[in-house]
Every structure is written in structure tokens, then in C-alpha cells.
Amino acid sequence: MSRFAEPLSRLIDELSKLPGIGRKSAQRLAFHLLRTQEEDAVALAEAIRELKAHLCLCSICNNVTELDPCAFCTNPTRNQRIICVVEEPSNIASIEKTKRYAGVYHVLHGVLSPLHSIGPEQLRMQGLLDRARAGMVDEIILATNPTTEGEATAMYLANQLREFSARITRIATGIPAGADIEYADEITLAHAMEGRHAME
Ligand SMILES: [Zn+2]
């Protein structure tokens with residue numbers, strides 16, 4: 001039998017599924033929520049429910065969106081023939097902050113990671129290959145993080161995309177090796193985008 005009342009142990013179970021939340025943190029959060037005002041707890045539950053009810057992935061680029069296709073894919077002022085490939089939807093916000101990019105995106109939702117058994121089948125690559133195959137793209141910028149896994153993913157994609165006519169480029173290594181695009185400052189990231197080079 002659990003040490004906690006059933007609703008409490010259920011909440012602890014759910015919270016401990018979140019990334020970076022261990023059993024101890026989950027217990028601390030659950031007890032915090034137990035003490036919190038009812039309206040605050042309900043607001044949190046509602047926010048989570050709304051998130052799932054109203055957001056989906058763009059059927060073109062896999063960005064998280066309220067409307068499918070997303071605001072980038074339907075924007076006539078964005079160059080639909082340049083695609084910037086990123087690991088996570090949150091990377092888009094970082095690139096947008098540089099205000100130097102006017103193309104569209106493709107979100108992989110991860111990187112290749114043999115260590116965590118993440119192979120090409122686990123990533124969302126197909127839409128990108130389809131767009132390249134259809135000749136709808138002039139340039140594909142591989143903007144995965146400069147980590148071992150990000151580099152391996154960029155290499156893999158470059159190989160997959162080689163047969164199509166689009167120019168394949170990789171962001172410059174202005175971002176320190178092993179770093180995360182999400183934490184690069186705007187100037188560094190803008191330089192990395194501008195200094196992109198063709199992949200051999
Ligand atoms: Zn989209």
C-alpha cells in the first residue's frame with residue numbers, strides 16, 4: 001500500500017513522469033499543490049488541459065500550433081523555399097529573436113541518439129524529405145545544436161537530402177561546441193545563421 005492517500009500518490013506518479021522531476025521533487029510539488037489555493041490548482045489543471053485541447057503539430061513543418069498549417073507555413077511574407085531545420089519547437093523562438101531569418105522551418109522533435117535508441121524512425125524527417133523531393137525548396141539550413149548528436153543528425157540529413165536539388169547548409173560554429181541553440185545569445189545565433197556554409 002502507498003504511503004500517501006490515493007489522489008496524492010496519483011499526482012506524485014504523474015509529476016514524476018515530467019523531465020527532470022525525480023520522485024522527491026514530485027512529492028514536494030504535490031504537497032505544495034495540496035497547500036495551494038483551490039483556484040490556483042484548478043488554473044494549473046486547466047492550463048494543461050487547454051494545452052492538449054488546442055495545440056497540435058503543423059502538418060507541414062511539425063511546429064506546435066493552434067492552427068494547422070502554422071503561422072510560418074501560411075505567411076506569404078516568409079520565403080517558403082528556404083527551410084531551417086531545428087531540433088525542438090522552442091528553437092524557432094530563438095532564431096526568430098535574431099530577426100535575420102525570413103524563411104520557414106522544419107522541426108525534427110529530437111536528434112539521433114544511439115545511446116537513447118533514437119534512430120531516424122523516431123524523428124520527424126519525412127515531411128522535410130517530401131518537400132525537398134517535390135522541388136519546393138531552394139535551401140535547407142541544418143540548425144541542429146553543435147553537440148555530437150546534433151552534428152550526427154545534420155550529417156545524416158545532409159546525406160538523405162543530397163539527391164535533391166536544394167542547397168544544404170549548416171549553421172556556422174559561432175555557437176560553442178556542445179552548446180544549445182536555445183541558450184545562444186541573439187548576436188551569436190545571428191552570426192551562426194549568416195556564416196552558414198554548404199555541407200559537402
Ligand atoms: Zn508549419
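Start by selecting Leu8, Leu11, Ile12 and Leu15 in H1, then add Ala26, Gln27, Leu29, Ala30, Leu33 and Leu34 in H2: these two sets meet, contact being C-beta atoms, placed from the backbone, within 7 Å. Nine of the contact residues are nonpolar, one is polar and none is charged (Ala, Val, Leu, Ile, Met, Phe, Trp, Tyr, Cys and Pro count as nonpolar, Asp, Glu, Lys and Arg as charged, and the others, Gly among them, as polar).

Keep in mind that this is a predicted model, where local features need pLDDT of at least 70, side-chain atom pairs count only at pLDDT 80 or more, and totals for chains, interfaces and linings use all residues. Numbering runs from 1 along each chain as its sequence is written.

Now show the whole helices, H1 (residues 6-15) and H2 (residues 23-35): their axes come within 8 Å and cross at roughly 130 degrees. (Helices are DSSP runs of H or I, at least four residues; strands are E, at least two. Axes are lines fitted to C-alpha atoms, for helices over the stretch in contact, with angles from 0 to 180 degrees between N-to-C directions.) That makes H1 oblique to H2, the word for angles left over once under 35 degrees (roughly parallel), over 145 (roughly antiparallel) and 65 to 115 (roughly perpendicular) are taken out.

Zoom out and colour domain 1 (6-54) and domain 2 (70-198), bounds that come from an automatic or database assignment. Their C-alpha centres are 34 Å apart.

Last stop: tyrosine 183, in the loop between strand E6 (167-170) and helix H7 (186-194). Is tyrosine 183 buried or exposed? It's exposed, because 12 other C-beta atoms lie within 10 Å (12 or fewer is exposed, 20 or more buried, in between partly exposed, with C-beta atoms placed from the backbone). Draw a distance to isoleucine 168, 15 residues away along the chain: the C-alpha atoms are 24 Å apart.
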